[in-house]
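Visitor: Please pick one part of this structure and take me through it closely. I am new to it, so explain each term when it comes up.

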Amino acid sequence: MKEGDGNVSVVLEGVTKRYGNFSALDNVSFTISSGDIFGYIGPNGAGKTTTIKIIVGLLSDFQGTLTIGGRQMPEGRQDIHRILGYLPQNVAFQEWRTIDQTLSTFGKLSGLSESEVEKRIPEVLDMVNLSRERHKKVSQLSGGMTQKVGLAQALLHKPRLLVLDEPLEGLDPESRYQVKQVIAEYSKSGAVVFFSSHILSDVQDIATKIGILNKGRIMQIGGLEELKSRFSIANDLEIVLSHDSGLWKKLEALKGIKGIEQPTPNKLVVHLDNKINIDDTVQDLIKELIALGCRIRRLNPISPSLDEVYLKYVQERQNV
Amino acid sequence: MSFRLLVKDELRGFYKSKVMLFLWFGLPLLAILFHFWSSLQGGEIPLTALSAIITASIGGTLASVMLAVSIINEKTQHVYDLFLVRPVKRWNIILSKFLAVYACIAVASGLSLLLGVIIDYVNLGALSDTLLRETLLSLATSLSMMAVSSSIGVLIGVVSPSVLVGVILVIYGGNQISALPIIPTILNISNAALFSVTLGVVISSIMLFLAIFLFNRKQM
C-alpha cells in the first residue's frame with residue numbers, strides 16, 4: 001500500500017455500473033479519508049449496495065476508477081483485500097461452523113497467525129458482547145447475533161478500511177448503541193469506516209461525513225452541519241418562560257428572527273434566520289425578552305435532524 | 001496456505017454431515033443387505049463386488065447432489081462474499097470443496113470394500129485372483145465415476161440458479177456423464193482399469209476447469 005501504514009483513502013471517480021439499460025450507479029465520485037466515518041444513505045434501490053460491492057471488489061465490471069490506499073480496483077484487489085474488513089447486508093456463514101471456527105478461519109485467511117487469531121477472537125467477541133456464545137454453532141444464533149458475528153469477523157484483522165452494509169439492521173436498541181460505539185471507537189485508530197444505513201438517526205449519531213445517493217447518483221456529500229446549511233433548514237430555539245408578559249410578539253421585528261410561535265402557554269418556538277449570525281441573534285433575543293418583562297426558565301436549541309435534511313432533499317427533488 | 005486451510009475446513013464440515021454419515025455407515029450396511037438378499041434369491045454375488053457397485057452408483061450420486069446443493073445454497077446466501085473479500089484465490093474455494101467431498105467418498109468406498117473383502121474372506125475362505133482383480137477394477141471404475149460425478153456437482157453448483165434446477169441437472173444430466181468411465185469395462189478393453197481412471201481424470205479435470213473459469217468470471 002502506498003499511503004503508509006496508517007493512512008488509507010478511498011477515491012471513486014466517475015464510477016458507473018450498468019445492468020443492461022439500467023444504470024445502477026451513474027458517475028459516482030467521492031473521497032473518504034483516514035479517520036472518516038462515512039454514512040451512506042438513500043432510498044431502497046438507490047445503489048448503496050452496488051457501490052459497496054464495487055468498493056470491496058465483489059463487482060469488477062464497472063466504468064470509472066476506484067483507488068483504495070493508492071491501489072486501483074480491480075487490478076490491486078489482492079493488496080486491497082489485506083486491509084479490508086467487510087460486513088455484507090444479511091450476512092451468512094457456513095452453518096456447520098461454530099462462531100469460534102468461523103472467526104478462526106476468516107482470521108487466518110486474512111493473514112493472521114494462529115497465535116494472533118487466538119488473541120483476537122476473545123477481543124472482538126468481547127467488543128460485540130458475544131464472549132459466552134463463542135462455541136455455539138452459527139445456525140443456532142438469532143439474526144442480531146449473526147449480525148454481530150459478522151461485525152466481529154470484519155474487525156478481526158484490524159482492517160484499515162471497514163465497509164459495513166446496513167450494520168445496524170435487525171439489532172435491538174441496546175445492540176445498536178453498542179455497535180455504534182464499536183464503530184466510533186474503531187475509527188479513532190485512523191481507519192476509514194464506510195457504512196450504509198436506512199436508520200438516519202444512527203447515521204447522524206456516528207457519521208462524520210454523509211453521502212446521499214438517489215437513483216444511482218450522488219446528490220449531496222458533506223458533514224451534517226454542511227448539509228443542513230446547504231438545504232437552508234432553519235435552526236429553531238425553544239424557550240420556556242416562567243413569566244410571560246405577553247409582549248414577546250414584538251421580538252419578531254428583531255434582526256435574525258424569521259418568526260415566533262407559541263405552541264403551549266409559556267413556551268415559545270423561535271425560528272432563526274441562518275443567514276444572520278445565530279450567536280448575535282440569541283444574545284439580542286435574551287436581552288429583549290428580559291427587557292419586555294418576560295422571565296426565562298430554559299432555552300434549548302432545536303437542531304434539524306438528518307431525517308429533516310433528507311426529507312427536505314427528497315421534497316426539493318420532487319419539486320424539480 | 002489458504003488452500004490447505006480451506007480443504008481442512010471443508011473436510012471438517014463434510015465428514016460430519018448427515019449425507020456423509022449415510023455414506024460411512026449406510027453404504028456398507030446396504031451392501032450387506034443386498035448380499036444376503038441375493039443369497040436368499042439363489043444368486044451368489046460376492047459382497048466385495050457388490051460393495052463397489054453400490055458405492056459407485058449411490059455414493060457418486062449423493063456426492064454430486066451434496067456438492068451442487070451446498071454450492072448453490074452458499075452462493076445464493078452470499079456465504080462466499082466473506083471469503084472473496086480476503087486474499088483468497090477463487091479456485092481455492094471451488095477445488096477445496098471438490099477435494100473434501102471426493103476424499104470423504106473415496107474413504108467411504110474403501111471402507112465399504114474392505115468390509116466386503118473381510119466378510120467374503122470369512123464366508124468363502126481364500127479369495128480367488130479373479131475376484132480380487134475384478135474387485136480392483138470395480139474400485140478403479142467406481143472411483144473414476146465418483147470423481148466425474150463430484151466434478152459435475154461442482155460445475156452445476158456454480159452455474160445453476162436454484163437448488164431445484166441443480167438437483168434435476170445433477171440427477172438427469174450428471175449421472176449420464178458419470179457413467180462414461182465404465183465404458184472400457186463394458187467394451188472389455190484390456191487394461192480397462194487404466195482407461196477408466198484416465199477417462200475419469202480427464203473428464204473431471206475438464207468439468208473442474210470449466211467450473212473454476214465460470215466462478216472466476218462471476219459477479220457476486
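Guide: What follows starts with a helix of chain A and then moves outward to its surroundings. This is a predicted model, in which local features need pLDDT of at least 70 and side-chain atom pairs count only at pLDDT 80 or more, while totals for chains, interfaces and linings use all residues. Residues are numbered from 1 along each chain as its sequence is written, and chains are lettered from A and ligands numbered from 1 in the order in which they are written.

The setting is chain A, which has 10 helices and 14 strands (DSSP runs numbered from the N terminus, with H or I of at least four residues for helices and E of at least two for strands). Its C-alpha atoms fill a box of roughly 75 × 50 × 35 Å along the principal axes. Of its 320 residues, 37% count as buried. A residue is buried if 20 or more other C-beta atoms, placed from the backbone, lie within 10 Å of its own, exposed if 12 or fewer do, and partly exposed in between. Among contacts in chain A between residues at least 6 apart in sequence, 70% join residues at least 24 apart; two residues are in contact if their C-beta atoms, placed from the backbone, lie within 7 Å.

The part to look at is helix α5 of chain A, residues 143-155. Its 13 residues should span 18 Å at 1.5 Å a residue, and the end C-alpha atoms are 19 Å apart, which agrees; the expected span is 1.5 Å times one less than the number of residues. The helix α5(A) is mostly covered, with 10 of its 13 residues buried. Among them are Met145(A), Gln147(A), Lys148(A), Val149(A) and Gly150(A). The cover over the buried residues includes β6, α3, α4 (114-127), β7 (161-165) and α6 (173-187) of chain A, together with α4 (81-84) of chain B.

Past this helix comes Lys158(A), in the loop between α5 and β7 of chain A. Lys158(A) has a positive phi of about 50° although it is not a glycine. With 17 C-beta neighbours inside 10 Å, Lys158(A) counts as partly exposed. Asn90(A), in the loop between β6 and α3 of chain A, also has a positive phi, near 50°, and is not a glycine either. Asn90(A) has 14 other C-beta atoms within 10 Å, so it is partly exposed.

The helix α3 of chain A, part of the cover, holds Leu109(A). Leu109(A) is buried because 24 other C-beta atoms lie within 10 Å. The C-alpha atoms of Leu109(A) and His157(A), 48 residues apart along the chain, are separated by 9.7 Å. Leaving aside neighbours within four places in sequence, Leu109(A) is in contact with Ser2(B), Leu5(B), Phe83(B), Arg86(B) and Val88(B).

That leads to the contact with chain B, which takes 24 residues from chain A and 20 residues from chain B. On the chain A side, the elements giving two or more residues are α1 (48-56), α2 (77-82), β6 (84-87) and α3 (99-109). The largest share of that side, four residues, comes from α3(A). By class, the chain A side has 11 nonpolar, nine polar and four charged residues; Ala, Val, Leu, Ile, Met, Phe, Trp, Tyr, Cys and Pro count as nonpolar, Asp, Glu, Lys and Arg as charged, and the others, Gly among them, as polar. In the loop between β5 (71-73) and α2 of chain A sits Pro74(A), and the peptide bond to it from Met73(A) is cis, with omega near 5°.

Last comes the nonpolar core, meaning a set of buried Ala, Val, Leu, Ile, Met, Phe, Trp, Tyr and Cys residues joined through C-beta atoms within 7 Å. The largest one has 121 residues, and those with the most contacts inside it are Leu161(A), Val163(A), Val193(A), Phe194(A), Val101(B) and Val154(B). Its largest share, 12 residues, comes from α6(B). A second, separate core of eight residues includes Ile239(A), Leu268(A), Val270(A) and Cys294(A). Returning to the largest core, Val101(B) touches Phe14(B), Ala63(B), Met66(B), Leu67(B) and Ser150(B), not counting residues up to four places away in sequence.
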